[in-house]
Amino acid sequence: MNKRKALPDLCNREVGHLSPRNFALRLGSSEDLVLRLQLLRNLQKHRGCVNAVSFNADGDILVSGSDDCGIILWDWETGRIRLSFHSGHSNNVFQAKIMPHSDDRTIVTCAADGQVRHAQLLENGRVETKCLAKHQGRAHKLAIEPGSPHIFYTCGEDGLVQRFDLRTGAATELFTCQPIKDRWSYMPVIHLNAIAIDPRNPNLFAVAGSDEYARLYDIRKYKWDGSTDFGQPTNFFCPPHLIGDQQVGITGLAFSELRELLVSYNDELIYLFTQDMGLGPNPPDPVSPKSMNSDASEIGFSHGSVSSQSKMDADEKITPQVFKGHRNCETVKGVNFFGPKCEYVVSGSDCGRIFIWKKKSGQLIRLMEADKYVVNCIESHPHTMVLASSGIEHDIKIWTPKALEKATLPKNIEQKPKAKGWMYRIAYPEDLMQLISLPRRRVRTESNGENSSTDRDLLQLILTFNANSDSSNEDDDDGDTASQDDLFS
């Protein structure tokens, strides 16, 4: 913490003008701590890309999932493995979370095989896993209802959103996400990559995927007897200049404790929306991208006929905060908040670095080298200024504010996005990933798993080609499943 700010806060705490809790929050959100983040340790055990990292509610356990189909529970402070087991999935694990208030014995997972699975940790290190339901295509993300040991949601590339209750083991198919009406003829569903639940109002959840909109739903509008169509969102969110842009998609969503919605676009930037920035239940008619530019004042969020000056004035107030400098072209990356009151925004990048911005101003304040290839996942500790990150490499990195010297930003850090079109192609199950991975799985079976080095060489070749081909539109990556090597047999 800045000494000029720390001393008055300390004095105010001592005389009772600042509560110990608020003092701790101010200290915990200090930019000084962010600038002192450094690598504490590498957690190494997985034999494939690590696509999922998540802390338990207490923050003492980190759970990870990987392309090797394994799940590992870590004591991240010591680096010790508490438990490891096979997830039961037949393809890359994309998400693994510990259910709250379950004594850390209930884990839910989803994966590239489309399955949603429940793992119950029993006595003597035994684990029972079972499949609860299956998506038609890859299931990228799941979201747990805040504070609930029983309820969670999943989304998949089939556009389906499901709600699960572990008390019954039943899956309720809520709806299949549909595109806006003028795209029905050539886009049957929205291939979903992300889902997030509002922590202040768990009735609200957002989903996003292969088009420009983040959609907000209210579970209270669902009729459990199936007598109503629940597929209509209560609100849409999209930056004005991206409305009608069919070349972008969304890879990551996150809600803050203040109900702000963070949206990460592929081949584009990250945007922060407040609740009053929604487009309403019916988004405006798309405008041809040729007639649009990056000036948000060209297109208003408000509905109805208003004067041009009124539109500009309104847009000034409701234009979302922007976070830029990173690159999100190669994989399905998450995005997250950081800090005790979500004071910062964090994201991985195709350049292998972690980016940290101030939420309020959008100012980039920190870069950290975190992977030789791509950083996909960044998880914030629930109580302290600690980060866990993972990517194409087979380890998890733990970052803590222990550095003696504060870091400074390097020069020439901003990167131009690659040519658009990645999300549009990769989002489909029939994409390049399957053209590469399915034949290689057959080869792996015939050779008894002796192709891991070849797989790694292929991955490096693809990433190197993409890095040297910014003007090319031939991105040969496969989203979360960027590596297919070293699966558990």
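**Exercise 1. Over how many bridges, and in which sense, do strand 1 and strand 28 pair?**

Step 1. Strand 1 and strand 28 (residues 395–401) pair in the antiparallel sense over seven bridges. Strands here are DSSP runs of E with at least two residues, helices are runs of H or I with at least four residues, and both are numbered from the N terminus. Two strands pair if DSSP finds at least two bridges between them.

Step 2. Within this pairing, R41 has I398 of strand 28 as its bridge partner.

Step 3. The pair belongs to an open sheet of four strands, ordered 1-28-27-26 with antiparallel pairing. Strand 1 (37–44) and strand 26 (375–380) stand at the edges with a single partner strand each, so one side of each is left without a neighbour in the sheet. From one strand to the next, the twist averages 25°; axes are lines fitted to C-alpha atoms, for helices over the stretch in contact, and angles run from 0 to 180 degrees between N-to-C directions.

**Exercise 2. State the basis of the model and its confidence.**

Step 1. This is a predicted model, in which local features need pLDDT of at least 70 and side-chain atom pairs count only at pLDDT 80 or more, while totals for chains, interfaces and linings use all residues. Residues are numbered from 1 along each chain as its sequence is written, and side-chain values use heavy atoms, with hydrogens and water left out.

Step 2. The average pLDDT (the predictor's confidence in each residue, from 0 to 100) is 81 for the protein, and 71% of the residues score at least 70.

Step 3. Over residues 288–317 the pLDDT stays under 50, and the model has 35 contacts for them beyond four places in sequence; a contact means heavy atoms within 4.5 Å. The pLDDT is also below 50 over residues 416–452, a stretch with 90 contacts in the model beyond near neighbours in sequence.

**Exercise 3. Describe the protein as a whole.**

Step 1. The protein contains seven helices and 28 strands.

Step 2. Of its 489 residues, 57% count as buried, that is, under 20% relative accessible area, with exposed meaning over 50% and partly exposed in between (1.4 Å probe, protein chains only).

Step 3. Among contacts with a separation of 6 or more, 57% come from residues 24 or more positions apart.

**Exercise 4. What is the strand order of the open sheet that includes strand 7, and which strands stand at its edges?**

Step 1. The order of this four-strand open sheet is 6-7-8-9, with antiparallel pairing.

Step 2. At the edges stand strand 6 (93–98) and strand 9 (127–134); each has a single partner strand, so one side of each is left without a neighbour in the sheet.

Step 3. Neighbouring strands of the sheet are turned by 20° against each other on average, direction ignored.

Step 4. Strand 6 is joined to strand 7 (residues 106–111) by five bridges, and Q95 has C110 in strand 7 as its bridge partner.

**Exercise 5. Analyse the hairpin of strand 4 and strand 5.**

Step 1. Strand 4 (residues 70–75) and strand 5 (residues 80–86) run antiparallel and are joined by six bridges.

Step 2. W74 stands opposite I81 in strand 5.

Step 3. Four residues lie between the strands of this hairpin, and G79 takes a positive phi near 85°.

**Exercise 6. Are S54, S347 and G169 buried or partly exposed?**

Step 1. S54, in strand 2 (residues 50–55), counts as buried because its relative accessibility is 4%. Its contacts beyond four places in sequence are I61, L62, V63, A96, K97 and E379.

Step 2. S347 lies in strand 23 (residues 344–347) and is buried, with a relative accessible area of 1%. Beyond four places in sequence, S347 touches residues including I270, H326, R353 and W357.

Step 3. G169 sits in the loop between strand 12 (160–165) and strand 13 (170–176); at a relative accessible area of 23%, G169 is partly exposed.

**Exercise 7. Which residues have the most contacts inside the largest nonpolar core?**

Step 1. A nonpolar core is a set of buried Ala, Val, Leu, Ile, Met, Phe, Trp, Tyr and Cys residues joined through side-chain atoms within 4.5 Å.

Step 2. The largest core has 26 residues, and A214, L253, L261, V263 and Y265 have the most contacts inside it.

Step 3. Among the strands that each supply at least two residues of this core are strand 16 (214–218), strand 18 (250–255) and strand 19 (261–265).

Step 4. Beyond four places in sequence, L261 touches residues that include A206, A214, F237 and L253.

Step 5. A second, separate core has 19 residues, including V161, L174, F175 and Y222.
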